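This report addresses selected local features of the structure shown below, together with the relation between its chains.

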Number of protein chains: 2
Amino acid sequence: MRQVVMYGPGDVRVEERADPTILEPTDAIVRLSATCVCGSDLWPYRGAEPVDHQVMGHEYVGVVEEVGADVRTVAPGDFVVGSFWASDNTCEICRAGYQAYCVHRVLMGTIGTQAELARVPLADGTLVATPGRPDPDLVPSLLAASDVLGTGWFAAVAAQAGPGRTVAVVGDGAVGLLAVLAARQLGAERVIAFSRHADRQALAREFGATDIVEERGDAGVAEVKARTGGLGAHSVIEAVGTQEAMMQAIHATRPGGHVGFVGVSHDVAIPGDDLFMAGVHLHGGPAPVRQYLPHLIQLIWDREIDPGKVFDLTLPLDRAAEAYRAMDQRTATKVLLTP
Amino acid sequence: MRQVVMYGPGDVRVEERADPTILEPTDAIVRLSATCVCGSDLWPYRGAEPVDHQVMGHEYVGVVEEVGADVRTVAPGDFVVGSFWASDNTCEICRAGYQAYCVHRVLMGTIGTQAELARVPLADGTLVATPGRPDPDLVPSLLAASDVLGTGWFAAVAAQAGPGRTVAVVGDGAVGLLAVLAARQLGAERVIAFSRHADRQALAREFGATDIVEERGDAGVAEVKARTGGLGAHSVIEAVGTQEAMMQAIHATRPGGHVGFVGVSHDVAIPGDDLFMAGVHLHGGPAPVRQYLPHLIQLIWDREIDPGKVFDLTLPLDRAAEAYRAMDQRTATKVLLTP
């Protein structure tokens, strides 16, 4: 099969590799219908994380081709969506809703889903079958559920977005934009999106943003306070992963409010005294997407949400290098790859 | 009146100062029955915070002597307990339960309650009258409610201590010990206290600790994990304020668990990637003690709890320098001063 491999920063290639096989009786082999490039894939691409001949990709939807002897809940022919962490969904941590920390978790990025086929460990716990074979136009949205929608949803839940609350979103990438959608779905009346890009502002508004703020850092904080009676937002979502974004999120939140952070943290150090005086709740990390998949799949199936709109470029898998380049140069928000 | 003044690090004196007077119609003048030295007073005492001829003290109980024209809920003769933040208890932040961040807040430490009398701003919002004149043996417990009990209670709430949850407490000062008491009152079945001091271990057990762990740092974390099936505690309370204590708290908490931190933060920087991978909830800061005062006063009045046991030394106000010395040298956990 063909698979994307990052040889080093900026060097993405598509190679012929052996087809995956069932290794454990709990495995499934999935023929991928669609996969994509994640914002987090750009960290190694830009040299901000070490990378050396690494298989890439952790977002995926597709059709089950084969299952191990112990797999019960999915079968060959099922169209499935999985999360970027394989999880057993039965351990104490999973049952508490934190499948991204399952005691048996496997990071799908180490398997690589920017490929034609993927072995999915812990298939019963990881994969969720759709109600039937999806219409082709639903595939991008189902793919979004695999990570960016699930992550944005978790961020909104962590920030306790809901009725009566004003939510601000730091970051206008796919996760930030889908956090806007999630906040509105969870009942937030007012959603302030930080964005300086006209096309992303438009998508944020389409997903339900009521306010757009172009200022960043302290000026962005001041603008949120000015729009919330001087108090700050009830809920702020951090979907970038930088020091500036994290501090902007903390400072834009009112005392007693909630920050949900999902940007993969790079060189961030939160000053303890600053956090102490802020009085906010802080929660985040890798999203337990598996928890939300059944609900998100249903919302997509019923065409109540259309998160697939974050994909603004589709390329065949063979042109993966071009996909990375487009996201790196921000000429695309998120690129879908068709194997 | 006599009042404690810290001239500089290590230099605590008792001086004659003018009696306070009503400055605002919302003020009350309280004749203090008891006051005390806080663990946070030791930071400037040790030179870790700047201090120059600073009046000291923010914990207090006493009898109202005079009220301003607008005060409605307390009257001369009432025995009252107040928090270390004066708050209006009516603004949007107060109504959300975060009185320590009241939009009109006044820090009682800037007024100084290690004195014979104190002016309490925003008396209606700040002071809570006891059901009657307390028996003398209840006074230490009521004084504890003013800060250390209220702070320990908030930490336990922030850590979501409750039925079915295992709670660990980092810090065996008065706040940590009372966080043990609070966790048990909130229903926690198992409370692990970190302590190396026999007397504090004994008081922790008296307040309801089920386990004592003497290890600190990574070894302390490993011990908590060993006692919780490898997962970590559901709830961890940080009541110290150092980098080691904060990281010990974060790492001893299971993914999805809750850290409540109330140690006044000094030179703490939380690595973003560490927090990201931990997946915990983090909440803390100056405790909104006012929120809990009515409940805590009732528990004390009904003799259901005896938080006053954290005071292991009582001295007259004139010997304040000795009180600071005893706490600095850890020969006393907490010193009560009688004006």
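## Backbone outliers in loops

At 25% relative accessibility, A:Asn89 is classed as partly exposed, because the value lies between the limits of 20% for buried and 50% for exposed residues. The model is predicted. A:Asn89 belongs to the loop that links strand 7 (85-86) to helix 2 (92-95) of chain A. Its phi is near 60°, a positive value in a residue other than glycine.

A second residue of this kind occurs in chain B. B:Arg303 is not a glycine, yet it has a positive phi of about 55°. This arginine sits in the loop between helix 11 (289-301) and strand 18 of chain B. With a relative accessible area of 45%, B:Arg303 is partly exposed.

## The loop after strand 18 of chain B

B:Arg319 is located between strand 18 (313-316) and helix 12 (320-328) of chain B, in the connecting loop. Its relative accessibility is 40%, so B:Arg319 counts as partly exposed. Along the chain, B:Arg319 and B:Gly109 are 210 residues apart, and a distance of 19 Å separates their C-alpha atoms.

## Helix 6 of chain A

Helix 6 of chain A comprises twelve residues (residues 174-185). At 1.5 Å a residue the helix should span 16 Å, and this agrees with its end C-alpha atoms, which are 16 Å apart. Just after the helix, A:Gly187 adopts a positive phi of about 110°.

The helix is mostly covered, with ten of its twelve residues buried. Among the buried residues are A:Val175, A:Leu177, A:Leu178, A:Val180 and A:Leu181, as well as A:Gly176. The buried residues of helix 6 pack against several elements of chain A: helix 4 (139-145), helix 5 (148-158) and helix 7 (198-206), together with strand 11 (166-170), strand 12 (190-194) and strand 14 (233-238).

## The surroundings of B:Asp172

In chain B, the loop between strand 11 (166-170) and helix 6 (174-185) contains B:Asp172. The relative accessible area of B:Asp172 is 9%, and the residue is therefore buried, the limit being under 20%.

Two polar contacts involve the side chain of this aspartate: one of 2.7 Å with the side chain of B:Ser195, and one of 3.2 Å with the side chain of B:His197. Leaving aside residues up to four places away in sequence, B:Asp172 touches B:Leu177, B:Phe194, B:Ser195, B:Arg196, B:His197, B:Arg200 and B:Arg330.

## Aromatic rings and charges

Over all chains, the count of aromatic pairs comes to four. Arginine side chains also lie over aromatic faces in both of the following cases. In chain A, A:Arg105 is placed over the face of A:Trp85, at 4.2 Å from the ring centre. In chain B, B:Arg13 is placed over the face of B:Tyr7, at 3.8 Å from the ring centre.

## Relation between the chains

Chain A is superposed on chain B by a rotation of 180° with 0.0 Å of shift along the axis, and the RMSD is 0.0 Å. The two copies are thus related as by a two-fold rotation axis.

Of the interface residues of chain A, 100% are also interface residues in chain B, so the copies meet through the same surface.

Definitions and conventions: Residues numbered from 1 in each chain as written. Chains lettered and ligands numbered in written order. Predicted model: local features only at pLDDT ≥ 70, side-chain atom pairs only at ≥ 80, totals over all residues. Heavy atoms only, no water. Phe/Tyr/Trp six-rings, centres within 6.5 Å; stacked < 30°, edge-to-face > 60°. Lys NZ or Arg CZ within 6 Å of the ring centre and 35° of its normal. Helix = DSSP H or I, 4+ residues; strand = E, 2+ residues; numbered from the N terminus. Buried < 20%, exposed > 50% of the residue type's maximum accessible area, 1.4 Å probe, protein only. Polar contact = N/O pair within 3.5 Å; in protein donor to acceptor, adjacent residues only side chain to side chain. Contact = heavy atoms within 4.5 Å. Expected span 1.5 Å × (residues − 1). Least-squares fit on C-alpha atoms with pLDDT ≥ 70 in both.
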